[in-house]
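Subject: Structure for you to look at

Hello,

Please find the structure below, followed by notes on what was found in it. Keep it open while you read.

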2 protein chains.
Amino acid sequence: MAAGINLKELAAELKLAPSTVSRALNDSYEISEETKRKVISMAEKLNYQPNQFARGLRENKSKTIAVIIPERINNFFAQVMDGIEEIAQAQGYHLLIYNTHEDVDREKKIVNLLLNGRADAVVMSVSSQTSDVSHLEKLYRQGLPLIFFDRICSEIPTTKFITNDYQSAYDGTKHLIQQGCKKIAFLMISKELSITKERYRGYSAAIKEAGLEKEPAFSLNCNHCDEENIGLIRDMLWSENRPDGIVSAVEKLALATYHAVKGTKIRIPEDLKIISFANTTMAGLLNPSLTTITQPAITIGQECAKLLIGKLTKPKHYELIDQVITIPSKIIIRSSTVA
Amino acid sequence: MAAGINLKELAAELKLAPSTVSRALNDSYEISEETKRKVISMAEKLNYQPNQFARGLRENKSKTIAVIIPERINNFFAQVMDGIEEIAQAQGYHLLIYNTHEDVDREKKIVNLLLNGRADAVVMSVSSQTSDVSHLEKLYRQGLPLIFFDRICSEIPTTKFITNDYQSAYDGTKHLIQQGCKKIAFLMISKELSITKERYRGYSAAIKEAGLEKEPAFSLNCNHCDEENIGLIRDMLWSENRPDGIVSAVEKLALATYHAVKGTKIRIPEDLKIISFANTTMAGLLNPSLTTITQPAITIGQECAKLLIGKLTKPKHYELIDQVITIPSKIIIRSSTVA
DNA sequence: CTTATTTTCGCAAACGTTTCCGTATTTTAA
DNA sequence: TTAAAATACGGAAACGTTTGCGAAAATAAG
């Protein structure tokens, strides 16, 4: 362990007191310019790196933000993380990242781990299983700045960032209707999720406005096993009264649909049109290319980080008030919805 | 700040000394079972969370592993991280994750940030720009356990995990040859990368063995701008002497190829067969489905974490010796290579 | 019953910073 | 010329934990 030099040793080398060296390095006004120069150059020469534990213990700050996501193999969340990291890195913050794998028990454990000062703030998107939010309330009550994005938790009075789920789903559904769809199904994971509810509302509104029937079997609640989902979708597509359009609330269900129709006589878009919330760059390369509702993932991440770091560094100027900030998605029309 | 209770307060509540409480919580043999029970139940009741700064300062351990990757929007790296996290979480380790965005300057800054004890170990895949490795040597000399995966740095005498790049590229190229390809191109990012070199060696060996010509223009060195890459590939495909097969060293270049041929009269696989190193789950849904060399990403991540945590917890039993451990890839043949 | 041993616990130091406070020196003001 | 103020630095405490050492109480041995 070639452990680096510490402040005391550095001070001894300079024949100065540790307090003086500390102040010099922190650019205190009570240290002369000359001394500062000497200290800084010696620190560089000896490659002095301040111990973050000691500093953290003293200051009670970790310069670290925890990010909790339900899934990593997912372009949306990956882009959000890139957005967060961009801002965080520029401000000298580090990122602890946790994947709950859509498992609320894991989510609880992770949240508990964050109660000891390891992170200065938390930004998260809840798992699809999360209905009891007591662990999140505990985190909030601890006083840790906490914000949600995408899959938000309305019970916690803090700032949340989402996209215009209702409007996008409404517009997307309307697009299918304009393309001639009469029987439109809605694919979702967990009904409990905020995004599911909002997107379903948008879908329902468009259906109702067009005077179309709303078949109960067309609201398909899927899970997290791809194989099962493909089976569920296949069952629906082979039923007596099969849909001619699909609005998918998440990317993976659109892909499951592609798998489901593969090798069958059902053709997209002729027999079945499909639009999906999705952030994959491969949408244009699918067969046929997939019409998507693309979320502003990077922007969401950036905004989360800006607000959080603002709150951490200038608590007077930033407040995590109980509000939902909406950043609109873009609908990109491709071949899966136009014949 | 409803900061939690600390050890001293907990001890006062129990009318015990802090040292006793500490030992009780750490299951020391010198504390009676009865006292341990009391302490533990009171700690739970008051939701005591040990301060990690104090502990880290005392023990000089952070229980944190830093992961440095060159790209986040990439299924391979996402899967590796999932693998690392699975093992790490089970052992109580946290993950600091950094994305270099293929930028060696960013890589250097990040590596420098890790010199102060923020992480107990580092696992990384170098950026495609990394040729000067002095920053990595400094990290290594600090005594921080360091291992590489996929894009390794051979200059550092530590353990590295890779897939069988040479053999997979050889087999993949041979597969194209068996399918009748005579003029096979190789698509790569940065020539400096370990994986590029190995995969190119495998490709070359197969070409040579089959007695095929090795056109210089068929070794296409791309960069990180998708648009440019599509242009480069398009130029190659429209040239006089165009290839009838492509081996792509990375997923993104295979996708760029799909984009390049889109809307042209070149058909895959009739006019052009393509195989690529790739870990996307969408390979089967592309048009046509893409033959892939799929890397054991999750396993690689798990093995990295197992070794690293082993080294951290039982230094006597684990050694980070200078070796390269190879975990084989799987070739999955799909429509892009069979007519 | 005395002595030796074990069990159980408390005291205090240490980890490396930052910062409150005090002090010696220099500069400014009267 | 003297008092006041500004400047530049040192000493020491504090952050919350773990652990070496010592000591009291309980038990075992003689």
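A polar contact is a pair of N or O atoms within 3.5 Å; within protein, one must be able to donate a hydrogen and the other to accept it, and residues adjacent in sequence count only if both atoms are side-chain atoms. One such pair joins A:Glu30 and DNA strand D: an N or O atom in the side chain of A:Glu30 is 3.0 Å from a base nitrogen of the strand.

Before the rest, some conventions. This is a predicted model, in which local features need pLDDT of at least 70, side-chain atom pairs count only at pLDDT 80 or more, and totals for chains, interfaces and linings use all residues. Residues are numbered from 1 along each chain as its sequence is written, chains are lettered from A and ligands numbered from 1 in the order in which they are written, and side-chain values use heavy atoms, with hydrogens and water left out.

DNA strand D

A residue is near a strand if one of its heavy atoms lies within 4 Å of it. Around DNA strand D there are 25 residues, of which A:Thr20, A:Arg23, B:Leu7, B:Ser22 and B:Arg58 come nearest. Sugar or phosphate holds 62% of the strand's atoms within 4 Å of the protein, and bases hold the rest. Phosphate oxygens of DNA strand D lie 2.7 Å from a side-chain N or O atom of A:Thr35 and 2.6 Å from one of B:Ser22.

Helices (H or I, at least four residues) and strands (E, at least two) are DSSP runs, numbered from the N terminus. With four residues, α4(B) gives the most to the surface near DNA strand D. By class, this surface has eight nonpolar, nine polar and eight charged residues. Here Ala, Val, Leu, Ile, Met, Phe, Trp, Tyr, Cys and Pro count as nonpolar, Asp, Glu, Lys and Arg as charged, and the others, Gly among them, as polar.

DNA strand C

Which residues come nearest to DNA strand C? Of the 26 around it, they are A:Leu7, A:Ser22, A:Arg58, B:Thr20 and B:Thr35. Sugar and phosphate make up 58% of the atoms of DNA strand C that come within 4 Å of the protein. A side-chain N or O atom of A:Arg55 is 3.0 Å from a phosphate oxygen of the strand, and a polar backbone atom of A:Asn51 is 3.3 Å from a phosphate oxygen. The largest share of this surface, four residues, comes from α4(A).

The two chains

A turn of 180° and a shift of 0.1 Å along the axis lay chain A on chain B with an RMSD of 0.2 Å (superposed by least squares on the C-alpha atoms of residues with pLDDT of at least 70 in both). That is the relation of a two-fold axis. Contact means heavy atoms within 4.5 Å. The copies meet through the same surface, because 100% of the interface residues of chain A are also interface residues in chain B.

Backbone details

Most residues other than glycine have a negative phi, and most peptide bonds are trans. The peptide bond from A:Ile268 to A:Pro269 is cis, with omega near 5°. Another cis peptide bond joins A:Asn287 and A:Pro288, with omega about -5°. B:Lys15 is not a glycine, yet has a positive phi of about 55°; this residue lies in the loop between α1 (7-14) and α2 of chain B.

Regards
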